[in-house]
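Work through the exercises below with the coordinates loaded. Each task is followed by a solution in steps.

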Amino acid sequence: MIRSLDFRFPGILFLPAQPEPQLPLPRLDVAAFVGFAERGPLHLPVAVEDINTYTAVFGGDLPLAQETGGRTVYANLPRTVASFFANGGRRCYVVRVAGREATAARFRLPGMAALGGNDPRLAAISASSPGAWGNQVRLATRLNVTPLSAAAFDLTSATVDSAILRRGDLPDLASGDLLRLAFDDGSRWLARIEIDDPGAATSPIPGLPAPPLDLHLTQIHRLLDDFAVSPPAVVERLERVAIDGISPLASVGPLVADGEATILPLDPADQGRVRAGEMVRFFLADGPAEDRGYLARIAEIRAVNPPDSPPAPAFEIRFGDALHLTPASLPTGLQTVELLRMDMAVRLGNDRLPVMTDLAFGAPHPRFWGDAVLLGSSRLHRRSARRRHGEDLDPVADAANWFRTLIDDPYDVTPFPGERPAQRQPSTPTFAPADALAGLLAPVGSSLGLSPTDATDGDPFVRAAAELDSTFWPVGMAEQFDLVDPTQFRPPERDGSDDLGAFDASNFYDPYLAPPGAPGRLGPGESQRTLMQTAFDLHYLRGRRLRGLHSLLFIDEVALISAPDAVHHPWEGATPSPSTPPPLPALQPQPDCPPQDDFSLCASPPSIHAVDPHYGQIDAETSVTIHGEGFTEPSEMRVLFGARPTAQVQVQSSTQLTALAPTGMRLGPIDVTVENTHGSAVLVDGFTYTRAATAPSLPVVMEPGIFDLVEDEPFLAIHQTLIYFCQARGDVMTILSLPLDYTRTRALEWQQALRRRLGLPSLNRGFVPAEPTEIADLSFAAIYHPWPLVADATSSDSVRPIPPDGAICGLIATRERRRQVWVAPANLPLVDGVGLHTDLSDDDWADLFARGFNLLRAEANDFRPMSAHTLSRERSLMQISVRRLLILVRKAAIRLGLDFVFESNHEIFREGVRVTLEEMLRFLYERGAFAGRTEEQSFRVTTDASVNPPQSVDAGRFIAVIQVAPSQPMEFISVQLTRRGEGELSATEI
């Protein structure tokens with residue numbers, strides 16, 4: 001038998017190659033973009049790592065204004081961020097800005113009231129962020145009733161303040177749950193549950209039933225279905241209940257019951273002031289004063305006599321359920337027990353979000369509706385149960401508390417748990433921050449104010465505190481809703497606004513940190529030398545949240561910053577002329593079928609002659625009449641607007657039917673189709689969706705000629721602020737762009753105007769500065785032009801111009817990851833570019849290139865930035881790669897220097913610092929960061945007595961001087977090929 005042999009040589013061991021040691025370098029590929037967004041938190045840096053997260057948090061396109069020719073001007077921020085990721089960016093911060101009077105839409109929840117303090121209010125909730133986007137949100141509520149076994153409860157006491165129910169083996173209940181109790185005398189009561197020991201609500205042994213538990217019932221109120229008595233009760237005072245409180249009404253008198261509802265005559269003075277679905281508080285004339293308050297839902301406002309009958313139309317209020325506001329003692333003879341919870345449905349335009357189910361009415365329930373709406377309305381949150389060590393985790397409470405702190409706490413500038421103070425964090429985060437920021441509805445108790453002085457609707461903190469202290473009760477809440485029927489969803493009670501009726505440069509920066517000469521500043525004007533100290537004082541000592549781009553001052557990882565919406569041509573509020581109705585659709589040839597006066601069958605398919613009206617608003621359903629032939633029984637007819645079937649089709653005759661056109665998906669004409677068992681007919685472009693009535697009228701862009709001088713352009717102040725920001729930080733570069741239509745002449749004028757604004761001389765003129773420390777350093781800024789074109793299916797010509805900021809930041813990030821910061825980010829193709837908006841001639845290109853402009857050029861197969869220059873005229877700092885290398889060295893030295901802070905300042909320590917810094921610089925040198933041929937020619941670190949004299953050491957000061965020789969990228973070398981004759985070719989560098 002042959003056996004395999006295992007040959008091994010003694011004393012020889014083969015090891016895998018050791019990886020080359022890597023020195024962790026600071027990351028400089030994180031960008032920040034400041035601009036206008038559809039929704040999202042204001043003046044709050046939000047880290048985003050993909051375009052889907054951006055869309056979920058900040059929404060999509062935001063129309064800002066309208067040009068004279070009718071073209072809509074959109075915010076640049078969404079497409080800029082998309083371009084950043086398309087061109088290789090991995091992480092960026094987004095700061096949304098808006099007008100100072102921006103407000104959030106506010107909603108009332110149908111069929112629910114809040115009792116807290118002296119007066120009841122309708123239960124209300126706000127959109128998660130200010131803006132007109134919230135006006136598209138719709139809400140619907142549904143009462144969820146779960147019968148419980150009355151035999152499992154033993155009522156042991158019943159007082160006015162509380163009662164105790166001893167619970168047996170029942171589904172889990174928690175503090176904040178609501179029970180509806182019925183007794184032998186026919187009375188019904190609502191009571192809130194409080195549990196002293198929440199941990200006792202579950203069984204200590206898995207699989208076994210929970211032990212009996214004492215449930216304390218607090219805030220016990222009686223429910224009344226028919227509260228008219230004999231003799232009739234008399235209403236002596238009636239008040240309308242709104243989301244902000246109460247207001248008096250004039251209607252008083254006796255209450256009458258007709259077997260269906262309780263009725264009160266409506267005073268003519270109250271007509272139009274109340275409507276069905278709202279709530280009122282009334283006081284009866286008899287009985288103790290403290291026992292006469294009731295809260296009731298208006299079921300209907302009904303006309304008593306026809307509107308055209310003399311002497312005048314009369315109306316009456318028909319009440320539904322009522323809640324006795326005064327707590328009372330429970331009777332005896334418990335018959336039924338029902339657990340009340342609620343479901344909530346949310347729509348955003350035509351999009352329906354998953355229904356939020358099993359929500360409790362009161363805090364601190366784990367599924368309290370005022371907490372659950374945040375994640376429940378999120379466009380990112382996944383509702384799968386999360387488990388840790390076999391325990392189910394529900395993150396809604398943690399997320400809601402985090403959101404309230406994030407919005408209301410001025411000290412918090414970075415909305416991510418790992419970077420927030422530990423004492424403000426939940427012990428174990430059970431939610432993703434982006435999930436919470438993508439919520440459409442803010443949790444109850446969120447003020448949405450940046451500081452107490454920013455309130456536009458009273459004090460937001462007082463209102464938020466009142467909401468958190470309230471208890472919520474269902475009064476007349478519907479027990480079903482139709483998710484397909486948008487009419488069952490309530491619009492906002494108060495609309496939101498972006499306050500962008502006019503372009504205001506001061507929206508982009510903090511008014512207390514604005515540079516000299518900037519519009520809207522509230523201080524003397526901060527220079528780059530004083531900016532950081534003033535910001536620290538405002539933010540950390542005075543507790544004020546910074547606004548606009550200045551909110552990024554303390555986000556250390558940001559290395560690139562841009563404001564793509566700064567370069568819009570300004571607009572001003574103006575109401576465009578009303579649009580004329582769309583033209584009537586062209587009629588199509590119809591099949592022959594004799595007219596019918598009844599519903600007798602027609603052997604031919606139906607035909608459509610006209611749709612009346614032939615247009616309607618995109619956000620509302622429109623009742624239309626369709627004229628044609630061959631209409632049969634209603635059960636056989638089907639009507640479609642586009643691909644969407646209509647509701648409420650009613651056949652009036654064989655030549656006429658009515659239907660409810662659904663809300664639209666897009667503006668413009670769509671086909672109308674009528675079908676039955678004999679066939680179908682289509683009226684091409686038979687119905688047109690027009691702009692929503694609730695959509696704000698867009699302001700009009702000012703004519704470009706209104707700013708004859710570039711100095712008058714408002715974006716100059718933003719550019720100046722960005723440069724001061726970068727120079728004050730010392731470790732950030734700004735990527736600037738110009739307005740869309742700027743030509744070579746206008747671009748050169750901008751450069752001179754910017755230099756004058758910064759206190760610099762015009763180009764080609766020398767001067768001696770009076771105070772060199774105040775001179776702006778233009779090596780922290782780079783300018784790119786013209787705008788690239790990207791594909792856009794929503795545009796009439798399928799393309800849209802966008803500023804180059806996002807694409808350039810993405811290319812810079814890509815170049816850094818692949819070849820590090822000291823390699824110039826030039827000659828890289830734009831990934832999403834399909835063209836350039838402005839064609840510059842070779843002469844234009846030469847002039848602008850000589851002045852430090854980085855131009856996008858059309859190459860054979862793509863579009864590329866052909867240079868990477870800063871705006872500095874100092875030759876050693878003209879390259880972006882040089883400035884970013886110096887930033888890298890600075891950040892790396894600071895990171896290493898943190899280990900030296902508490903060391904003793906002696907000779908051994910100083911020598912150790914020198915060796916450590918030289919090791920870091922050697923790592924960069926070996927990878928080509930420096931220009932010298934040897935280490936001595938490339939870098940030098942000095943820590944000896946020449947920079948640390950004894951008097952400096954005695955004062956506790958230590959100085960390390962780092963000198964480097966950055967590598968300079970080669971500019972493009974032109975080689976001229978010349979053919980001098982047959983077979984003779986020469987190449988010459990020019």
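**Exercise 1. Charges over rings**

Over the ring of which residue does the charged end of Arg 927 sit, and how many Å from its centre?

Solution. The model is a predicted one, and the contact is read from its side-chain atoms.
- Step 1: take CZ of Arg 927; a charge counts as over a ring if this atom is within 6 Å of the ring centre and within 35 degrees of the ring normal.
- Step 2: the ring that qualifies is that of Phe 923, with the charged end of Arg 927 3.7 Å from its centre.
- Step 3: repeat for Arg 883, whose charged end sits over the ring of Phe 780 at 4.0 Å from the centre.

**Exercise 2. Aromatic pairs**

Find how many aromatic pairs the whole structure holds, and name the residues that ring pairs link with Trp 571 into a cluster.

Solution.
- Step 1: apply the pairing cut-off, ring centres within 6.5 Å.
- Step 2: the search of the whole structure returns 23 aromatic pairs.
- Step 3: follow the ring pairs from Trp 571; the cluster also contains Phe 36, Phe 503 and Phe 508.

**Exercise 3. An open sheet**

Give the strand order of the open sheet that contains S30 and state which strands stand at its edges.

Solution.
- Step 1: start with S30 and strand S32 (residues 622-629), which run antiparallel and are joined by five bridges.
- Step 2: check one bridge: Ile 608 has Gly 628 of S32 as its partner.
- Step 3: extend to the full set of four strands, which gives the order S30-S32-S36-S35 with antiparallel pairing.
- Step 4: S30 (607-612) and S35 (647-653) each have a single partner strand, so these two are the edges and one side of each lacks a neighbour in the sheet.
- Step 5: from one strand to the next, the twist averages 25°.

**Exercise 4. Tyr 615**

Decide whether Tyr 615 is buried, partly exposed or exposed, and state how many Å separate its C-alpha atom from that of Tyr 689.

Solution.
- Step 1: locate Tyr 615 in strand S31, which covers residues 615-617.
- Step 2: the relative accessible area of Tyr 615 is 31%; buried requires under 20% and exposed over 50%, so Tyr 615 is partly exposed.
- Step 3: Tyr 689 lies 74 residues away along the chain, yet the two C-alpha atoms are separated by 5.7 Å.

**Exercise 5. The whole chain**

State what share of the residues counts as buried and what share of the exposed area carbon and sulfur atoms supply.

Solution.
- Step 1: the chain has 990 residues, of which 52% count as buried.
- Step 2: the exposed area is about 45300 Å², and carbon and sulfur atoms supply 52% of it.
- Step 3: for context, the chain has 15 helices and 50 strands.
- Step 4: among contacts between residues at least 6 apart in sequence, 70% join residues at least 24 apart.

Definitions and conventions:
Residues are numbered from 1 along each chain as its sequence is written. This is a predicted model: local features need pLDDT of at least 70, side-chain atom pairs count only at pLDDT 80 or more; totals for chains, interfaces and linings use all residues. Side-chain values use heavy atoms; hydrogens and water are left out. Two strands pair if DSSP finds at least two bridges between them. Axes are lines fitted to C-alpha atoms, for helices over the stretch in contact, and angles run from 0 to 180 degrees between N-to-C directions. Rings of Phe, Tyr and Trp (its six-membered ring) pair if their centres lie within 6.5 Å; planes under 30 degrees apart count as stacked, over 60 as edge-to-face and the rest as tilted. Buried means under 20% relative accessible area, exposed over 50%, partly exposed in between (1.4 Å probe, protein chains only). Contact means heavy atoms within 4.5 Å. Accessible areas come from the Shrake-Rupley method with a 1.4 Å probe; for residues, only the protein chains shown count as cover.
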